[in-house]
Structure formats: C-alpha cells, structure tokens
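Let's take a walk through this model, starting with a strand framework and ending at a ligand. Keep the 3D view open as you read.

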Amino acid sequence: MSGINRARSAAAVLATAGAAAALLAAPSAVAAPQPIVGGTTTTTAAYPYVMQVTDASQNQFCGGTLVSPTKVVTAAHCMAGESARSVRVVGGRTYLNGSNGTVARVSRIWVHPDYTDATNGDDVAVLTLASSMPYKPVKYVSSSDTSVYAAGNEARVLGWGTTRENGSSSNQLRTATVPVVSDADCGGSYGSDYVASDMVCAGLPSGGVDTCQGDSGGPLVIGGVLAGITSWGEGCARAGYPGVYSRLTTFSDQVTAQVTS
Ligand code: 4AZ
C-alpha cells in the first residue's frame, strides 16, 4: 500500500526522536512494543473464528474470518496475485511458528468483481475451503445492521500483524479494541480515499492502537458480530489516521450469496 511506503521515512524520524526523548525523559514514559499496535495477546481458543491466511508453505500473510465451516471472509487485496492452489487457511493455531490446528486447501476464491485497490473500496473476498474447519464460525452483519457503525462503538480487531509501523509480525495472535470513527471524521483524515459506502474507520483520535501490516483481511467485530474487514490506513496507529475497514453491511448480501453457493 502506498501509505505504508510513504510512512517509512516519517517513522524512522519519529523513532530517532523518540529514542532521544527517552534519554531525556523518564524511561517509563516510553511505551513498550505492543500487539497489533497497542493491545494484548490472545488465543484462537478464545477467538476460534480467526483464521490465518497463508501460502502453500503455511506462512501467514493475511487474516480471515470463518463465517461457515467452509467459508472464510478476507480482504480482496490479500488475494492479489493468488490462486486457489497457492493459498491455505489455518485455523486453531495461535502461534505463527506452531504446527497445530487445522489446515484447509482452498477450492475457490471469490473477489468482489469491482475491486481494484483498497482505497477504492470493494475490498472483500470469500474463500471456499476444500474441507471443513472444526471451529465455531462467527455471525456477520446483515445489510440492515448499519447501526453497528455508530461513532464511538467499541470494535475488536485481531491478527498476527506487525506490532508497530514497519515493525515485526507478532508470533502470537493479538487483539485490541478501538472506537468506530464517524464518516465525517474519517473523510477529514483521508479525503476522497475514504469511500463511506464501502468503508468504516476505527481508532482513537490520539492513535496508539490499530491494525497494521499483516492484519489485513482479519476481523473487525462489533457486538460479537463480524462488521468489517481490515483493509488499509495511513501507516499504523498514527494520531488522526484511524484504521480503515471494509463496511461489511454493504457487502453482506454478496457474501451471503457466496456462503450459500
Ligand atoms: C496492511 O498493510 C495494513 N493501520 C493493515 C491495516 C492498516 C494499515 C496497513 C491500518 O496490511
């Protein structure tokens, strides 16, 4: 994503400035490296619907959400350059370096037909598994459930992504909660890249808690129901730049068509 690349030099400057400040200020003022960015470790036993989306060697590159025994919702941008043969879904594996859980091959990949780039919306895909996952799926929003996106609602994000911008992935599954951001505020942050019909933002005004690289495709859960898909953002956990998620109510009927096919 272009935002990630643009982020790099600024992050390096901030890291240097932060290190200098740490020498001057109390060490306790410097936050320790955190999950996702800012959050806690968890397990796939606690969140059985969270899936690793991996390559054929079971190297995780995106997240996904189990919505039926053989259907996984993920981001369209995660499927760029992929084929059903090249992808696996791994359930029940809390640690990236684990070998436990259940590995499924993929028999079909549906990518939203209008998808071009995450910042244009339509960032949704559904994977059909060749074998069933023995884990409890999560319900997803229906098209009329738009009240879940009321600004300030608490949303849970999950993934194995980097624990800071340009950082390293987390070996253990992480989770955090972030408040939903209004369309007006998110449009203020991202201008025309924020397509309100297809996206929803979540994050704190001051940043510090966010999804990051490698969390893409994973769940945004509001009130126990899948309501979004981790999609994009300007860097990670920056003040004034919340994470952007696919607005699942918009795609719910298309997802259902895939889930029931
Ligand atoms: C990514 O590249 C990514 N801060 C995911 C989420 C966000 C940014 C980038 C949101 O997978």
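One term before we start: two strands count as paired if DSSP finds at least two bridges between them. Strands themselves are DSSP runs of E, at least two residues long, numbered from the N terminus. Also bear in mind that this is a predicted model.

With that in hand, look at strands S5 and S6. S5 covers residues 87–91 and S6 covers residues 102–111, and the two pair in the antiparallel sense over 4 bridges. If you want a spot to zoom in on, try Arg-88, which stands opposite Arg-105 in S6.

Now zoom out a bit. Which strands close into a barrel, and in what order? There are 6 of them, running S2-S3-S4-S7-S6-S5, with antiparallel pairing. On average, neighbouring strands of this sheet are turned by 40° against each other, if you ignore direction. As a general reminder, strands of a sheet pair through backbone hydrogen bonds, either parallel or antiparallel.

S2 is a good strand to follow next. It spans residues 50–55, and 5 of its 6 residues are buried, so the strand is largely enclosed by the rest of the structure. "Buried" here means under 20% relative accessible area.

What does S2 pair with? One partner is S3 (residues 60–68), joined to S2 in the antiparallel sense over 5 bridges. S2 and S3 make a hairpin with 4 residues between them, and Gln-58 in the turn has a positive phi of about 65°. Another partner is S5, again antiparallel, over 4 bridges. Gln-52 ties this part of the picture together: it stands opposite Gly-63 in S3, and Gln-52 also stands opposite Val-90 in S5.

Time to move to the ligand. How many residues surround it? The count is 13, and the closest are Asp-210, Thr-211, Cys-212, Ser-216 and Gly-235. Sorted by character, this shell divides into 4 nonpolar, 8 polar and 1 charged.

Several polar atom pairs are worth checking in your viewer. A polar side-chain atom of Ser-216 sits 2.6 Å from a ligand oxygen atom. On the backbone side, a polar atom of Thr-211 is 2.8 Å from a nitrogen atom of the ligand, while a backbone N or O atom of Gly-214 lies 3.4 Å from an oxygen atom of the ligand. As for cover, the ligand on its own has 300 Å² of accessible area, and the protein covers 95% of that.

Conventions
Residues numbered from 1 in each chain as written. Predicted model: local features only at pLDDT ≥ 70, side-chain atom pairs only at ≥ 80, totals over all residues. Heavy atoms only, no water. Axes fitted to C-alpha atoms, helices over the stretch in contact; angles between N-to-C directions. Near = heavy atom within 4 Å. Polar contact = N/O pair within 3.5 Å; in protein donor to acceptor, adjacent residues only side chain to side chain. Areas by Shrake-Rupley, 256 points an atom, 1.4 Å probe, with all protein chains shown as cover. Nonpolar A, V, L, I, M, F, W, Y, C, P; charged D, E, K, R; others polar. Buried < 20%, exposed > 50% of the residue type's maximum accessible area, 1.4 Å probe, protein only.
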